[in-house]
Amino acid sequence: MASVPDILLAALFFLLIAVDVAGNALICMVVYRSKEMRRPMNYLLVNLAVADIVIGVFMLPRHVFHHTFQHPTGMTGDYLCKFMTGGGFIWMSAAASGILLIAIAIVRYFAVVHPLLRAFRLNNRHVLWITAVSWGFAILLTGPSLSSMVYDPKRDFCVEDWAEWYPARVHVAFVFIVNCIVPTTAMILLYARIIFKLWCNQDEITNSVQIARLKARRSATLMLINLTVVHALCWTPNYVLYFLISIFPVPSFHYGSTAYTITVLLVLVNAAADPMLYTWYIDGFKRGMRSAIYCCHRNRVNVLGGKTPRENITRKPAELGFSAQEQNNKDETVDTSHL
């Protein structure tokens with residue numbers, strides 16, 4: 001039987017997972033439903049949303065339903081750790097998110113600092129390449145850790161059991177550098193240059209049109225900076241703890257410890273906060289999510305009332321506030337690739 005603290009902790013995890021999955025699923029739905037939102041930068045945000053959904057889904061068996069079933073041992077338990085309860089796909093999504101955030105920062109850098117270089121303007125082909133590289137790199141990076149995952153009956157937890165011939169510490173150090181140090185450093189340098197260009201260098205501004213465009217660029221940049229800062233603050237403790245557990249073992253730091261659970265909660269907070277940041281800064285996501293929630297509520301009322309839902313549920317972009325004129329005036333932050 002699980003204790004009361006374990007039940008409360010599982011309830012907290014479940015609440016954050018529900019917010020994570022529902023919010024990021026709505027982000028994907030908004031981009032799918034509206035042609036005005038189908039833009040290259042938004043496709044990258046959809047990739048981030050998918051990564052956040054994967055994180056939430058694979059936290060369910062490990063941190064919510066863990067006390068509701070007896071984890072099998074032996075080969076069955078090891079395979080269950082590799083593909084479900086071990087968190088390997090959570091690490092994979094984290095690695096993909098890091099590459100995606102670096103790509104977004106690079107695209108933003110060229111859009112703001114070197115706007116005349118058309119070869120670096122984001123398009124759908126670039127999105128496909130970025131998506132393939134980010135997820136392919138994530139699979140290669142987490143493959144060794146995924147293959148070494150086994151179930152430890154004494155700890156009642158999935159741990160890494162590295163082969164004697166494999167340089168485990170080198171691999172852990174490489175993962176820490178590539179997933180934590182490199183993305184954070186790269187994004188600090190890129191956004192520092194972008195901030196200097198948008199906030200400190202205003203010699204070229206001469207009319208109201210350029211002032212409006214500058215405000216749109218600043219708003220888009222603030223959203224991306226906040227997205228990056230939240231990601232770094234929430235993921236760094238988990239990476240640091242993983243590094244310490246593997247390189248400098250400390251008795252109080254281990255898989256399943258209180259410190260480890262706190263770092264995992266921070267990871268989940270990041271996944272749940274991302275869609276809130278999108279809707280806070282981007283009016284198109286805000287209107288689209290509001291419309292999606294309204295349509296779901298209307299259909300539910302019609303079904304409960306015995307009425308047949310209207311066949312044409314999809315509304316025109318103008319009805320959702322996505323008209324071309326309003327998009328240029330109020331929602332320029334959506335397509336950040338050209339600002």
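Which side chains meet in a salt bridge, and at what N to O distance? I'll get to that in point 5; here are my notes in order.

1. A reminder before anything else: this is a predicted model. The chain has 10 helices and 2 strands. Reading from the N terminus, the order is α-α-α-α-α-β-β-α-α-α-α-α, so the two strands follow one another, with five helices before them and five after.

2. On the overall packing, 49% of the 339 residues count as buried. Take the contacts between residues at least 6 apart in sequence: 77% of them join residues at least 24 apart. The chain exposes about 17,600 Å², and carbon and sulfur atoms supply 67% of that.

3. Now the interior. The largest nonpolar core holds 42 residues, and the members touching the most others are Leu44, Leu45, Leu48, Ile104, Tyr191, Tyr278 and Phe285. Elements that give it two or more residues are H1 (4-33), H2 (40-63), H4 (88-113), H5 (124-148), H6 (168-200), H7 (208-247), H8 (258-281) and H9 (283-304). H4 provides the largest share, with 11 residues. Apart from this core lies another, of 40 residues, which includes Trp91, Cys180, Ile247 and Tyr260. Tyr278 is a good residue to click on in the first core: leaving aside neighbours within four places in sequence, Tyr278 is in contact with Ile27, Leu45, Leu48, Met223, Leu227 and Phe285.

4. Two helices deserve a look of their own. H4 is mostly covered, with 23 of its 26 residues buried. From first C-alpha to last, H4 reaches 38 Å, close to the 38 Å expected at 1.5 Å a residue. H1 agrees with expectation as well: its 30 residues should span 44 Å, and the end C-alpha atoms are 43 Å apart. The buried residues of H1 are Ala10, Phe13, Leu16, Ile17, Asp20, Gly23, Asn24, Leu26, Ile27, Val30 and Val31. As background for reading that list, an α-helix has 3.6 residues a turn, so residues three or four places apart point the same way.

5. Back to the opening question. The salt bridge joins the side chains of Glu36 and Arg39, at 3.7 Å from N to O. The count for the model comes to 1 salt bridge. How does each partner sit, buried or partly exposed? Glu36 counts as partly exposed because its relative accessibility is 24%, whereas Arg39 is buried because its relative accessible area is 19%, just under the 20% cut-off. I'd keep that cut-off in mind when quoting the label for Arg39.

6. On the surface, Leu15, Val19 and Met276 form a nonpolar patch, with about 270 Å² of accessible area together. Val19 lies in helix H1, and at 31% relative accessibility Val19 counts as partly exposed. The patch rule asks for over 30%, so Val19 qualifies at 31%.

7. Last, Leu266, which lies in helix H8. With a relative accessible area of 30%, Leu266 is partly exposed. What does Leu266 contact, leaving aside its neighbours within four places in sequence? Cys234 and Pro237. Leu266 and Pro237 are 29 residues apart in sequence, yet their C-alpha atoms are 8.3 Å apart in space.

Conventions: Residues numbered from 1 in each chain as written. Predicted model: local features only at pLDDT ≥ 70, side-chain atom pairs only at ≥ 80, totals over all residues. Heavy atoms only, no water. Helix = DSSP H or I, 4+ residues; strand = E, 2+ residues; numbered from the N terminus. Buried < 20%, exposed > 50% of the residue type's maximum accessible area, 1.4 Å probe, protein only. Contact = heavy atoms within 4.5 Å. Areas by Shrake-Rupley, 256 points an atom, 1.4 Å probe, with all protein chains shown as cover. Core = buried A, V, L, I, M, F, W, Y, C linked by side-chain atoms within 4.5 Å. Patch = residues over 30% accessible without salt bridge, like charges linked within 9 Å, V, L, I, M, F, W, Y side chains within 5 Å. Salt bridge = Lys/Arg side-chain N within 4 Å of Asp/Glu carboxyl O. Expected span 1.5 Å × (residues − 1).
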